[in-house]
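Hi there,

Here's the structure I promised to pass on. Have a look first, then read my notes below.

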Amino acid sequence: MTEIETDSEKWDLVISPRRGWLDLNLKGIWIYRDLVLHFVKRDFVTFYKQTILGPLWYIIQPLLTTVVFTIVFGKIAKLPTNGVPGFIFYLSGTVSWGYFSDCLKETSDTFIKNSKIFGKVYFPRLTVPLSVVIINLVKFGIQFLLFLGFLVYFIVKGESVTPNLFILLLPVLLLQMAILGLGTGILISSMTTKYRDIHFLVGFGIQLWMYATPVVYSVSTVPEKIRFFYMLNPVASIVETFRHSFLGTGMVNGADILISWAVTILILISGIILFNRVDKTFMDTV
Amino acid sequence: MQKSVIRVENLSKEYRFGVIGHGTLYKDVQSWWARFRGKEDPNSKITVHRGPARTGERFWALKDISFDVEEGQVLGIIGRNGAGKSTLLKILSRVTTPTLGHVKIRGRISSLLEVGTGFHPELTGRENVYLDGMIHGMTKAEINDKFDEIVDFSGIEKFIDTPVKRYSSGMNVRLGFAVAAHLKPEVLIVDEVLAVGDAEFRRKCLKKMQDVSAGGRTVLFVSHNMHAIRQLCHLGIVLEAGEIVHRGPTDEVVDKYLASSSSDQNLNEDILPGMHSHDNPDVQVYRIEVLDTDGQVIRSPKMKEDFCLKIYYKFNKSGTYTIAMAFWNANNVLIGRIAVPEKIRWLTGDEEDICTLTVKVNNVFLAGKHRILVALRDKYNILIDQIDNIFFEVQPLLLRGDAVRQDGVVQINSEWSAPVRLANKYSSQC
């Protein structure tokens, strides 16, 4: 235990009380990239182990939801779908909303679900929500194929669905949904470490949020007076743009997209700040 | 001069009681409202802590700790429960952050706070080796290289493609340790994992630890087993109430530690309520006496002389329990356990009953200090009451004035018969 050395020597790791607010530890995540992919694989494999239908569940879920929506909102409530067949209208909403809501739902219990392992071994905590976003991308891919199938069917049938150049925006939309789902998810997961109440609010909150998003109706039915406030919901513009690009219905407006991005970034930044704060002291409070 | 691999500088960790961790918004608002009106917080916890110093709602689990560990050294960290060992390891393994001070580390650090943590029950052993390895910081390529070695070390080749949920807990630990043992970090933190697994496996693990340190890497080893500490560590530090009280060569430090722990609960005296390591208002062991075989209370039994232990227990509520005991020697090596035999297994009592139970013990103990644990369990085998720090001293047997040589853990009862001459080359020719 000599202490004659000079402090200028290089240390690989310094553990200190404070860390930067926005420090994402991207380098750490890159080192653990194999782990992220393995989490994806683990979740994918364990999702359908001991189920009969396996990955088919990825398709059954949005399909049944859409059928219910078509009956309830299309046939009974008779909400307008702007001349587009109800089924494909609701499916487009369900699939795009589904990606966001799944990301949100599954990242929101990051700390609670993993408290045991987080308490034993260090690895960059963000790897867990990141892997959730990726696995949901796989899931979205499968559901998207389903959507494309029906889209082709309706086009062949001669219905008034008109995919347009906005399709090129799809990667941007996905990126924004991923960021938004991740941001909201880690924001919520950080808060649930202190208040378990929020955990119960998530399922319920997501449902309410869906009704504040143009999933079962179109933005054009929202009264002009409240439209500005309505579009503050960042998912609204995403779902509407998605639907517009594939079905040719709905309104896409540059200002709305900008607002949506601004809110998305704001949520992501607050999420990271809170996540980093909780990450440090999480083990002491749970 | 050797190069430092870990440098801990003025490390402190503060925990707070009462204020955080209510878990619900309602209680937080309630506490806040109570404080606002100047009343006592209805949610503040009353926590009895042995050891750590407390100031109000806060206590320092670690106070201004500094030490250096050089390359290739094995450092033993010793201390009683609550002395701050686990907190120190948690900070070193980056599970939690310090409140003050810094730790500087050269190279990769891996901890075995608990093995097999990354396992997912639905995945097979093979998949879990990858998952656990990656969680501990290995890359896929590294695991590919070492996969066969890991499986070989674990000794469960046959079940490698079976889901881990079908494994026994022993198999789980083996596989987990096998992964951990192949991490090849520059610094390895080991925390009492050696307590699990069978003897053969434990031997394998100790050997692995020795290999690790012989390979020039650094090991931090935390254990209550002084025997293992003496065997494996070059240096030791003793923590008490969050501070380093002794440091230096292992043998010296262990001796000091053992000497200082003599302030624990004695026999033949009423046990203070705080001495219970597990307690319950319904029933309590409150006194243990040593008797000779004639039923007289004695201070300490002599070696080879059988003695009795008389357990006094008190029912505050009627109930049915059973008692078991365990014995350790001064190096904290478990000598054995005893339990109430089948025919009088259940001890039933009504409210306010005070009972005693006497057990005659075959004295196989060597001279020196021994520790007793007494545990009361209910019908569902749930631990109700436990005291684990009662000490008794066995007096050495003098053989021609000198103490008999003391090795091992027990005195083997042996009877030697007189030598018999079978044959002689000369006498047979008569």
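How much of the accessible surface of chain B belongs to carbon and sulfur atoms? The answer is 51%, out of a total of about 21,900 Å². Keep in mind that this is a predicted model.

Some background on the chain: there are 8 helices and 21 strands in chain B. Of its 430 residues, 48% count as buried. If you take the contacts in chain B with a separation of 6 or more, 70% of them come from residues 24 or more positions apart.

The part I spent time on is strand β7 of chain B, residues 187-191. On one side, β7(B) pairs with β6(B) in the parallel sense, over 4 bridges; Ile109(B), for instance, has Val187(B) as its bridge partner. β7(B) also runs parallel to strand β8 (residues 218-222), joined to it by 5 bridges, and there Val190(B) stands opposite Phe221(B).

Is β7(B) buried or exposed? 5 of its 5 residues are buried, so the strand is largely enclosed by the rest of the structure. In a regular strand, side chains alternate between the two faces of the sheet. Here both faces are covered: Val187(B), Ile189(B) and Asp191(B) are buried on one side, Leu188(B) and Val190(B) on the other.

One last residue to click on is Leu112(B), which sits in strand β6, residues 109-112. Leu112(B) counts as buried because its relative accessibility is 2%. Its C-alpha is 9.0 Å from that of Ala181(B), although the two are 69 residues apart in sequence.

Cheers

Technical notes: Residues numbered from 1 in each chain as written. Chains lettered and ligands numbered in written order. Predicted model: local features only at pLDDT ≥ 70, side-chain atom pairs only at ≥ 80, totals over all residues. Heavy atoms only, no water. Helix = DSSP H or I, 4+ residues; strand = E, 2+ residues; numbered from the N terminus. Buried < 20%, exposed > 50% of the residue type's maximum accessible area, 1.4 Å probe, protein only. Pairing = 2+ DSSP bridges. Contact = heavy atoms within 4.5 Å. Areas by Shrake-Rupley, 256 points an atom, 1.4 Å probe, with all protein chains shown as cover.
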